[in-house]
Amino acid sequence: MNFAIRNRIVGLLIAALIFVVDQALKGWLLHGLRIEEHVIDILPIFSLRFVQNYGVSLGMFTAGSPEGRWALVAMTAAIAVFVFVWILRERKIGDIVALAMVLGGAAGNIRDRYMKGFVVDYADLHFGGFRPFLIFNLADAAITIGVLIILARSLLSREKPDAAAKPAPES
């Protein structure tokens with residue numbers, strides 16, 4: 001098996017792992033801890049707090065109707081398909097891992113929206129009354145970290161010139 005195929009398989013396994021862990025964690029928080037009934041303070045700056053998120057990133061594009069819900073499902077599914085195809089075309093493991101994080105997180109949130117009509121958010125990072133982030137979930141964190149890695153790799157890495165394209169040194 002060549003490296004590119006192996007890297008893609010690793011990426012798809014990472015995406016599947018993120019999806020499974022995200023869904024298991026949400027299930028445990030909802031059905032085991034029942035966080036929809038109360039807030040659980042973990043640290044002075046971190047709590048588990050149930051939120052029904054009807055929008056996408058940062059609460060944008062809130063779906064206030066069934067049509068809006070299905071439009072968001074379709075839009076995020078189209079993005080997930082694009083990322084999946086990108087993984088199948090990518091060769092570098094660093095890019096594949098980042099894309100896999102985005103795909104796994106997107107799949108978790110798509111399933112929530114499809115099954116429940118909203119995305120389950122629960123992670124509340126706060127400093128007193130100051131909340132630098134909206135309440136989020138593992139899928140959101142994976143998507144954000146994956147996108148940041150993709151951006152950093154595209155801005156900071158440089159392709160090495162092809163050795164065949166270099167002119168031979170003059171003697």
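## A helix across the sheet

Helix α3 lies across strands β2 and β3 and runs at about 125° to β3. Axes are lines fitted to C-alpha atoms, for helices over the stretch in contact, and angles run from 0 to 180 degrees between N-to-C directions. Contact means heavy atoms within 4.5 Å. Helices (H or I, at least four residues) and strands (E, at least two) are DSSP runs, numbered from the N terminus.

This is a predicted model: local features need pLDDT of at least 70, side-chain atom pairs count only at pLDDT 80 or more, and totals for chains, interfaces and linings use all residues. Residues are numbered from 1 along each chain as its sequence is written, and side-chain values use heavy atoms, with hydrogens and water left out.

## The sheet

The sheet is open and has three strands in the order β1-β2-β3, with antiparallel pairing. Two strands pair if DSSP finds at least two bridges between them. β1 (40-43) and β3 (119-125) are the edge strands, each pairing on one side only. On average, neighbouring strands are turned by 35° against each other, direction ignored.

Strand β2 (residues 46-53) is joined to β1 by three bridges. D41 has S47 of β2 as its bridge partner. Six bridges join β2 to β3. Here Q52 has V120 of β3 as its bridge partner. Six of the seven residues of β3 are buried (under 20% relative accessible area, 1.4 Å probe, protein chains only), so β3 is largely enclosed by the rest of the structure.

## Two packed helices

Helix α3 (residues 93-116) packs against helix α4 (residues 138-156) at an angle of about 155°, with the axes 7 Å apart. That makes α3 roughly antiparallel to α4 (over 145 degrees). Their crossing is left-handed (the near helix is turned anticlockwise from the far one by less than a right angle).

On the α3 side, the contact includes L99, M101 and V102. On the α4 side, I143, I145 and R153 are among the residues. The contact residues divide into 12 nonpolar, four polar and three charged. Ala, Val, Leu, Ile, Met, Phe, Trp, Tyr, Cys and Pro count as nonpolar, Asp, Glu, Lys and Arg as charged, and the others, Gly among them, as polar.

## A positive phi in a loop

R34 lies in the loop between α1 (3-32) and β1. Its phi is near 55°, a positive value in a residue other than glycine. Most residues other than glycine have a negative phi. R34 counts as partly exposed (between 20% and 50%), because its relative accessibility is 42%.

How values were computed:
Angles under 35 degrees count as roughly parallel, over 145 as roughly antiparallel, 65 to 115 as roughly perpendicular and the rest as oblique.
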